[in-house]
Amino acid sequence: MRHHRRPLAIERQGEPWPEFEDAVNPAISGGRVYAVGDVHGQADLLAAMWIAIAEDMKRHPADRALIIFLGDLIDRGPDSAGVVEAIIRAQERWRDGIEIMCLRGNHDHWLATFLTDPSVLSAWAVKGGLETLVSYGLKEGDILAGVADIGRAVALQQMFAAIIPIRHKEFMLSLPLWHDDGDYFFAHAGVDPDRPLADQRFEDLTWIRDKFLLSQKNFGKVVVHGHTPRQEVESLPNRINVDTGAYMRQVLSCVILEGAERHLLQVGPGVPVSPNDPATEAAA
């Protein structure tokens, strides 16, 4: 498993960008932010990211830092239960001056909803919920039976509510929808360009795609998000997309924001590593 840190350029897509012609560079209010894209049950990539962040802080010390996960911790990958446990443990054990928080993605919300509403199983299971429930010890055959029969879904929901650790349940139910810091606004999917940031709806923060992704508006702050996987991190004047498809491409990405600077930290077997880059020597 390798990791790589490099400067992340701010690029313009299409012309014109009139809203940004006279804009100053956005900045974090203080300290440093590590914004991590969708993990989707990839516990091995998460473990590599913890190491990469720790090594980055050793090479580039900071008195205060926030590690923020942009949602969709679970589903699709093989070990969602392990991902949730690892993040809870990190929140408990990471050193002073380091805060760890997670936002609610649409997949995380499915799990939280299933705890009280078994009817969501039919939609959730085929979008990665099956893998998540298996990671918590439920049987694949029982899950598939629940997809086809609401009575069995009710029984499965009761089994899951009994088997999920209490601290996992409390953690998943507590995830916030957004966070802001300085000139940046963090949300899982994005924002509705036609609404002020203070008036965003749950559906847009967790689900929006094209209306947000295709917009060239100045949203008031730079929106840092995941949800829509891309081959590379998108670093634009009005938004940063950190989802590089961890469950498909085995690359987990993290944008480092400090002052007006942007850097990219990535982990995975397919991450390009320069032999002349001292920040990657230990992991090469």
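## A histidine to start with

Is His227 buried or exposed? His227 has a relative accessibility of 5%, and because buried means under 20%, this residue counts as buried. Like everything described here, that value comes from a predicted model.

To find His227, look in the loop that lies between β7 (222-225) and β8 (234-235). Its backbone is worth a look too: phi is near 80°, a positive value in a residue that is not glycine.

## A second histidine in a loop

His40 makes a good companion to His227. This histidine sits in the loop between β2 and α1, and its phi is positive as well, at about 50°, although His40 is not a glycine. With a relative accessibility of 4%, His40 counts as buried.

## The six-stranded sheet

Let us move on to the strands. Six of them build an open sheet, and if you walk across it you meet them in the order β1-β11-β10-β2-β3-β4, with mixed pairing. At the edges are β1 (2-7) and β4 (98-102), each of which pairs on one side only. From one strand to the next, the twist averages 20°.

Inside this sheet, take β2 (residues 32-36) and β3 (residues 65-69) as an example. These two strands run parallel and are joined by five bridges. One pair to look for is Val36 and its bridge partner in β3, Phe69.

## Helices on the six-stranded sheet

Which strands does helix α1 touch? Helix α1 (residues 43-59) packs on the sheet and is in contact with β1, β2, β3, β4, β10 (252-258) and β11 (261-268). The direction of α1 makes about 140° with that of β11.

Helix α2 (residues 80-93) can be found here too. This helix lies across β3 and β4, and runs at about 150° to β4.

## A pair of helices

Next, turn to α4 (residues 121-135) and α5 (residues 140-148). These helices pack at an angle of about 170°, and their axes are 10 Å apart. Angles over 145 degrees count as roughly antiparallel, so α4 is roughly antiparallel to α5.

Which residues meet in this contact? From α4 come Leu121, Ser122, Ala125, Leu130, Leu133 and Val134, while α5 brings Glu140, Ile143, Leu144, Gly146 and Val147. Sorted by character, the residues of this contact divide into eight nonpolar, two polar and one charged.

## The buried face of α5

Staying with α5, we can ask which of its residues are buried. They are Ile143, Ala145 and Gly146. Seen down the axis of α5, the buried residues fall within an arc of 160°, so they line one face of the helix.

What do these buried residues pack against? Their neighbours in contact are α4 and α6 (150-163). Ile143 and Gly146, then, belong to the buried residues of α5 and also take part in the contact with α4.

## The five-stranded sheet

There is also an open sheet of five strands. Its order is β5-β6-β7-β9-β8, and the pairing is mixed. The edge strands are β5 (178-181) and β8, each pairing on one side only.

What is the partner of β8 like? Strand β9 (residues 239-241) pairs with β8 in the antiparallel sense, over two bridges. Within this pairing, Ser235 has Ile240 of β9 as its bridge partner. From here you can find your way back to the opening residue, since His227 lies in the loop between β7 and β8.

Methods: Residues are numbered from 1 along each chain as its sequence is written. This is a predicted model: local features need pLDDT of at least 70, side-chain atom pairs count only at pLDDT 80 or more; totals for chains, interfaces and linings use all residues. Side-chain values use heavy atoms; hydrogens and water are left out. Two strands pair if DSSP finds at least two bridges between them. Helices (H or I, at least four residues) and strands (E, at least two) are DSSP runs, numbered from the N terminus. Axes are lines fitted to C-alpha atoms, for helices over the stretch in contact, and angles run from 0 to 180 degrees between N-to-C directions. Contact means heavy atoms within 4.5 Å. Angles under 35 degrees count as roughly parallel, over 145 as roughly antiparallel, 65 to 115 as roughly perpendicular and the rest as oblique. Ala, Val, Leu, Ile, Met, Phe, Trp, Tyr, Cys and Pro count as nonpolar, Asp, Glu, Lys and Arg as charged, and the others, Gly among them, as polar. Buried means under 20% relative accessible area, exposed over 50%, partly exposed in between (1.4 Å probe, protein chains only). The arc is that of the directions from the helix axis to the C-beta atoms.
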